[in-house]
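Visitor: Could you take me through one part of this model closely, namely the charged side chains that pair with each other, and then set that part beside the ligand site and a histidine elsewhere in the chain? I would like a connected account rather than a list.

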Amino acid sequence: MTKGRTDSLPMRIGILGSGKGSNAQSIFNAIGEGKLRAEVVCVLSDVEDAGILDRARRQGVPACFISAAPFKTKLDGEAEEAYIRTLVEYGANTVVLAGFMRMIKAGMLAAFPNRILNIHPSLLPAFPGMASWKQALDYGAKVAGCTVHLVDGGMDTGPILVQKAVPVLEDDTPETLHARIQIQEHIAYPEALALVAGDAVSFLGRRVVIGRARDEQGANP
Ligand code: GRF
């Protein structure tokens, strides 16, 4: 059970991503527009030519490819150590997974307790895993969306911070639905980070409470 609250620190974000980096861009934009009081200190990718690294360089943010071999779907072993070492060297205190296509394991969770966030393109707990927008379409869901949550070692589990819903339209294709969800992702991620940056988030079990949560004794840990 998660219990406690996020630390009140100047937010120094390390972003991990494997793809085009539109969510990373939304975070750069929110900081630039003064909507999020934070700094992106580095962007790391397990894909050498990922668009997210180019976006970081254009912002003047350190951008590093770090191989996560020999694993295909998780960040573990020496690769995990290299990621943690690099994040610490750049002074990150918050890890933002923005399309990072690997499971986060115990070492990284221990290095950044309650400070690793993920965005997932569904209204969790519906449709965890890959291509969630296609899962929603194939299932016949009428509403889809995105979720920003804390990472707890499960597959797309962890306390939910922000969710945004979108309608599924009759003529949607996987691509049109994903595009509609991504528009909301770009609002949801900065919003969730602003909550955590403002220390406005407490946890009680799986529940995220805005403000300070009270346990059974009425005391706050
Ligand atoms: C997003 O749809 C996100 O929800 C998922 O991976 C995608 C990343 O997109 N986890 P981008 O690289 O941020 O454009």
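Guide: A residue is called buried when its relative accessible area is under 20%, exposed when that value is over 50%, and partly exposed in between. The model is a predicted one, and in it Arg12, at 29% relative accessibility, therefore counts as partly exposed. Arg12 pairs with Glu39 in a salt bridge whose closest N and O atoms are 3.2 Å apart. This pair links distant parts of the chain, since Arg12 belongs to strand β2 (residues 11–16) while Glu39 belongs to strand β3 (residues 38–45), 27 residues apart. Glu39 has a relative accessibility of 41%, so Glu39 also counts as partly exposed.

In general, side chains of opposite charge can pair when their charged atoms come close. The salt bridges in this model number eight, and two further examples can be described here. Glu33 and Lys35 meet through their side chains with an N to O distance of 2.8 Å, and both Glu33 and Lys35 are exposed. Lys74 and Asp76 form another salt bridge, with 3.4 Å between the closest N and O atoms; Lys74 is partly exposed because its relative accessibility is 26%, and Asp76 is partly exposed because its value is 22%.

Turning to the ligand, the residues that surround it include Gly19, Lys20, Gly21, Ser22, Asn23, His120, His178, Gln182 and Glu185. Polar side-chain atoms approach ligand oxygen atoms from several of these residues: a polar side-chain atom of Lys20 lies 3.1 Å from a ligand oxygen, an N or O atom in the side chain of Gln182 lies 3.2 Å from one, and for Glu185 the distance from a polar side-chain atom to a ligand oxygen is 2.5 Å. Taken alone, the ligand exposes 370 Å², and the protein buries 88% of that area.

The histidine to set beside these is His149, which is found in strand β9 (residues 143–150). With a relative accessibility of 2%, His149 counts as buried because it falls under the 20% cut-off. A polar atom of the His149 side chain lies 2.6 Å from the backbone oxygen of Thr157. Leaving aside residues up to four places away in sequence, His149 touches a set of residues that includes Ile116, Leu117, Asn118 and Leu124, and also Asp156, Thr157, Gly158, Pro159, Ile160 and Leu161.

Definitions and conventions:
Residues are numbered from 1 along each chain as its sequence is written. This is a predicted model: local features need pLDDT of at least 70, side-chain atom pairs count only at pLDDT 80 or more; totals for chains, interfaces and linings use all residues. Side-chain values use heavy atoms; hydrogens and water are left out. Helices (H or I, at least four residues) and strands (E, at least two) are DSSP runs, numbered from the N terminus. Buried means under 20% relative accessible area, exposed over 50%, partly exposed in between (1.4 Å probe, protein chains only). A polar contact is a pair of N or O atoms within 3.5 Å; within protein, one must be able to donate a hydrogen and the other to accept it, and residues adjacent in sequence count only if both atoms are side-chain atoms. Contact means heavy atoms within 4.5 Å. A salt bridge is a side-chain nitrogen of Lys or Arg within 4 Å of a carboxyl oxygen of Asp or Glu. A residue is near a molecule or strand if one of its heavy atoms lies within 4 Å of it. Accessible areas come from the Shrake-Rupley method with a 1.4 Å probe; for residues, only the protein chains shown count as cover.
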